[in-house]
Amino acid sequence: MILLASPGQGAQTPGFLQPWLEKPGVADRFAWWSAVTGLDLVRYGTSADAEEIRDTAVAQPLLVAAAIAAAEALYDGAPGGRTGPDAVAGHSVGELAAAAIAGVLTPEAALVLVRERGRAMAEAAAVTETGMTAVLGGEADEVLAAIDKHGLTPANVNGAGQVVAAGTTERLAKFADEPPAKARLRPLSVAGAFHTEHMEPAVGVLRRLAPGVPVADPRAALLQNRDGAVVDSGRDFVARLVEQVSAPVRWDACMETMREIGVTGIIELPPAGTLVGLARRELKGIELVALKTPADLDKARELIEADAS
């Protein structure tokens with residue numbers, strides 16, 4: 001069973017889109033999706049610097065568009081007439097790309113939602129100075145206790161010894177002065193405390209939009225960040241997407257579900273690397289491909305072909 005994984009905000013790097021635009025039809029897709037989002041996605045994905053693409057309202061549509069485009073390219077010419085993966089999961093904003101790949105949303109609907117999500121989250125983040133810090137290593141219970149002690153939220157529980165603490169910059173600074181034993185702290189390049197109560201205003205914006213979004217039920221096993229569940233209803237998945245904006249991401253639970261449903265291979269969509277890194281430490285024996293550039297397509301298709309045979 002092959003699962004496509006779509007990364008979340010913070011994975012973006014300057015210029016990561018450039019090689020994908022050389023694939024036939026991809027530049028045309030991005031021209032259209034730029035019109036849908038009201039953003040020059042081509043410029044942001046090629047020549048914009050790290051600070052520009054750190055902007056939540058930019059990063060989120062860019063990441064979702066890139067993941068959808070790469071998935072389309074992967075299955076255009078995939079072996080055995082395969083038209084899509086067996087399973088899909090996205091980390092945080094990557095869930096919107098996952099929903100499009102699974103057929104729950106059209107690419108355009110996903111991009112409209114992520115456009116509004118990004119804008120609303122950026123506005124919510126501007127209210128209070130907040131941020132996120134990755135906690136690497138340490139004893140799990142001690143890490144969570146330290147996060148709680150400083151009034152922070154474990155916004156991402158990623159498994160493989162990684163938790164992301166989120167909250168005000170003042171509290172994060174105090175947390176940095178008193179880190180959990182045997183843990184390393186790494187501030188993340190994001191513009192706010194996502195998946196915490198600070199994002200409640202953004203949830204309200206999306207609640208008003210969600211009922212009118214055209215939705216279908218997924219055509220692949222679609223995992224959800226709240227608890228790792230496989231969600232069979234497209235409408236339920238969209239409702240969960242809305243509430244997830246202010247709730248912690250449980251990628252550890254998603255990886256446990258991957259193990260339970262028999263995933264044998266994971267292909268991470270661009271900008272790839274983070275999620276296969278977590279899987280390499282947590283899901284021993286599963287084949288992994290980081291689809292960073294079109295040069296990786298053949299390796300990914302070989303994995304799909306081996307699974308089908």
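**Exercise 1. Find the element that holds both Lys-174 and Glu-170, and describe their contact.**

Step 1. Lys-174 and Glu-170 both belong to helix α8, residues 169–177. Helices here are DSSP runs of H or I with at least four residues, strands are runs of E with at least two, and both are numbered from the N terminus.

Step 2. The two residues are 4 residues apart, about one turn of the helix.

Step 3. Their side chains form a salt bridge, with the closest N and O atoms 3.8 Å apart. A salt bridge is a side-chain nitrogen of Lys or Arg within 4 Å of a carboxyl oxygen of Asp or Glu. Side chains of opposite charge can pair when their charged atoms come close.

Step 4. Now accessibility. Buried means under 20% relative accessible area, exposed over 50%, and partly exposed in between (1.4 Å probe, protein chains only). Lys-174 has 48%, so Lys-174 is partly exposed. Glu-170 has 54%, so Glu-170 is exposed.

A note on the source: this is a predicted model, in which local features need pLDDT of at least 70 and side-chain atom pairs count only at pLDDT 80 or more, while totals for chains, interfaces and linings use all residues. Residues are numbered from 1 along each chain as its sequence is written, and side-chain values use heavy atoms, leaving out hydrogens and water.

**Exercise 2. State how many salt bridges the structure holds, then examine those of Arg-115 and Asp-252.**

Step 1. The count is 12 salt bridges.

Step 2. Arg-115 meets Glu-116 at 2.7 Å, N to O. Both of these residues are buried.

Step 3. Look for a third partner. Arg-119 joins Arg-115 and Glu-116 in a network of salt bridges.

Step 4. Turn to Asp-252. Its side chain forms a salt bridge with Arg-250 at 2.8 Å, N to O. Asp-252 has a relative accessible area of 21%, so Asp-252 is partly exposed. Arg-250, at 33%, is also partly exposed.

**Exercise 3. Work out the strand order of the sheet and explain which strands stand at the edges.**

Step 1. The sheet is open and has 4 strands, in the order β4-β5-β3-β6. The pairing is antiparallel. Two strands pair if DSSP finds at least two bridges between them.

Step 2. β4 (153–159) and β6 (183–187) each have a single partner strand, so they stand at the edges and one side of each lacks a neighbour in the sheet.

Step 3. From one strand to the next, the twist averages 25°. Axes are lines fitted to C-alpha atoms, for helices over the stretch in contact, and angles run from 0 to 180 degrees between N-to-C directions.

Step 4. Check one pair. β3 (residues 130–137) and β6 are antiparallel, over 5 bridges. Leu-136 stands opposite Arg-184 in β6.
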